[in-house]
Amino acid sequence: MPSSCRSGVCQSCLMRAREGTPPAAAQSGIKDTLRAQGYFLSCRCVPEGDLSVALPEDGAGRFASTITGIRQLSDTVMELRLARPEGFEYRAGQFATLINGQEVARSYSVASVPELDADLEFQIALVPGGAMSGWLANEAAAGTALHVQGPNGHCFYACADREQPLLLAGTGTGLAPLYGIARDALRQGHTGPIHLFHGALREPGLYLHEPLRALASEWEHFHYHACVLNGPAADEVHVGPLDAWLLETLGTLKGFRAYLCGAPEFVKLMQRKVFLAGVSLQEVFVDSFLPAKAP
Ligand SMILES: Cc1cc2nc3c(=O)[nH]c(=O)nc-3n(C[C@H](O)[C@H](O)[C@H](O)COP(=O)(O)OP(=O)(O)OC[C@H]3O[C@@H](n4cnc5c(N)ncnc54)[C@H](O)[C@@H]3O)c2cc1C
Ligand code: FES
């Protein structure tokens with residue numbers, strides 16, 4: 001049975017009850033339509049009675065897809081493109097779970113925008129010894145089949161107030177959902193300032209530096225702030241911790257909507273900092289890249 005986070009977040013362990021009722025805790029957080037069909041998260045399921053179960057059906061929670069391309073964005077980040085399965089309706093910034101032929105399941109945030117991009121696009125960090133990222137780097141290629149589950153998550157652009165200032169902050173491949181959200185907000189005519197902060201350990205980690213600079217020169221109200229923890233770096237790149245620099249640059253964050261993505265420790269730290277700087281809790285949206293747990 002594929003699984004990843006084992007804590008009810010990624011939904012890679014989705015199963016469906018053919019007979020019997022799954023406990024409410026195992027159905028928490030899944031879509032109403034799937035819940036009504038008896039779908040549940042097996043990592044949260046302690047059955048309270050007999051339960052006859054099956055794997056998700058293609059076209060319901062799980063879709064067959066094919067890789068259309070893989071390219072390096074930097075030494076350690078790949079762009080993966082998949083054919084978008086029919087019926088896979090998503091918003092830029094949500095996440096999907098990829099399941100390969102060896103039943104390895106991992107979640108990735110969608111960087112593409114359905115109205116702008118034909119394929120599903122992901123930005124994936126190569127993790128040493130990584131079951132999924134290693135497989136993608138060394139074995140997968142255009143034409144390889146896999147399954148995609150989802151989409152899930154609430155980290156996407158849905159502003160009623162088009163003038164609201166937006167803060168998008170992420171480290172590493174935490175940029176993937178932010179890139180999608182920024183392009184989606186611009187496409188939908190957002191007029192308030194959009195500040196995207198991307199942090200990396202060193203300069204090569206700023207893997208979309210040029211495309212983001214180009215976006216900033218195209219749109220006056222889109223501001224790209226690049227930051228590395230360790231120099232040397234080009235003049236326009238700040239050297240130092242992202243959280244301190246972000247607050248120094250923007251000052252108060254009252255009235256902002258914040259999207260925070262990437263490593264769980266970064267997301268947790270920033271949630272506290274943006275709240276203390278004035279962002280209300282309902283205006284904070286996060287995509288925390290929880291690592292997989294061993295079965
Ligand atoms: C909602 C969600 C969205 C996500 N979106 C993205 C995304 O857009 N892009 C992306 O690159 N990842 C994303 N992730 C993380 C992704 O799901 C995997 O955890 C990651 O790709 C590692 O998987 P793997 O199979 O390659 O490595 P694994 O086989 O899971 O791990 C191999 C070893 O590396 C360790 N490890 C795992 N991750 C890291 C890390 N980041 N740094 C150092 N050591 C590590 C593990 O503990 C293990 O010892 C997301 C996770 C979640 C839950
Ligand atoms: S939700 Fe069950 S493994 Fe992630």
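**Strand β14 and its surroundings in the predicted model**

In the predicted model, Gly170 has Cys261 of strand β14 as its bridge partner. This contact belongs to the pairing between strand β10, which covers residues 166-171, and β14, where 5 bridges link the two strands in the parallel sense. Strand β14 is also joined to strand β15, formed by residues 284-288, and here again the strands run parallel and are connected by 5 bridges; within this pairing, Leu260 is placed opposite Val286 of β15. In general, the strands of a sheet are paired through backbone hydrogen bonds, in either a parallel or an antiparallel manner.

The side chains of β14 alternate in direction, with Arg257, Tyr259 and Cys261 pointing one way and Ala258, Leu260 and Gly262 pointing the other way, and all of these residues are buried. Because 6 of the 6 residues of β14 (residues 257-262) fall under 20% relative accessible area and therefore count as buried, the strand is largely enclosed by the rest of the structure. The connection from β14 to β15 includes helix α6, residues 264-276, and together the three elements make a β-α-β unit that is right-handed.

A separate description applies to an open sheet of 3 strands, in which the order is β2-β1-β3 and the pairing is antiparallel. Its edge strands are β2 (39-41) and β3 (52-54), each of which pairs on one side only. With direction ignored, neighbouring strands of this sheet are turned against each other by 45 degrees on average. Between strand β1, comprising residues 14-19, and β2, the antiparallel pairing extends over 3 bridges, and one of the residues involved, Leu14, has Leu41 in β2 as its bridge partner.

Considered as a whole, the protein contains 6 helices and 15 strands. Its radius of gyration is 19 Å, close to the 19 Å given by the globule rule for 295 residues, so the protein is as compact as a globular protein of that length. The C-alpha trace spans about 60 × 40 × 35 Å along the principal axes. Of the 295 residues in the protein, 51% are buried, while the exposed surface amounts to about 13,500 Å², of which 52% is supplied by carbon and sulfur atoms. Among the contacts with a separation of 6 or more, 68% are accounted for by residues that lie 24 or more positions apart.

Technical notes: Residues are numbered from 1 along each chain as its sequence is written. Chains are lettered from A and ligands numbered from 1 in the order in which they are written. This is a predicted model: local features need pLDDT of at least 70, side-chain atom pairs count only at pLDDT 80 or more; totals for chains, interfaces and linings use all residues. Side-chain values use heavy atoms; hydrogens and water are left out. Buried means under 20% relative accessible area, exposed over 50%, partly exposed in between (1.4 Å probe, protein chains only). Helices (H or I, at least four residues) and strands (E, at least two) are DSSP runs, numbered from the N terminus. Two strands pair if DSSP finds at least two bridges between them. A crossover is right-handed if, with the strands pointing away from the viewer, the path from the first strand over the helix to the second runs clockwise. The radius of gyration is taken over C-alpha atoms; the globule rule is 2.2 Å times the number of residues to the power 0.38. Contact means heavy atoms within 4.5 Å. Accessible areas come from the Shrake-Rupley method with a 1.4 Å probe; for residues, only the protein chains shown count as cover. Axes are lines fitted to C-alpha atoms, for helices over the stretch in contact, and angles run from 0 to 180 degrees between N-to-C directions.
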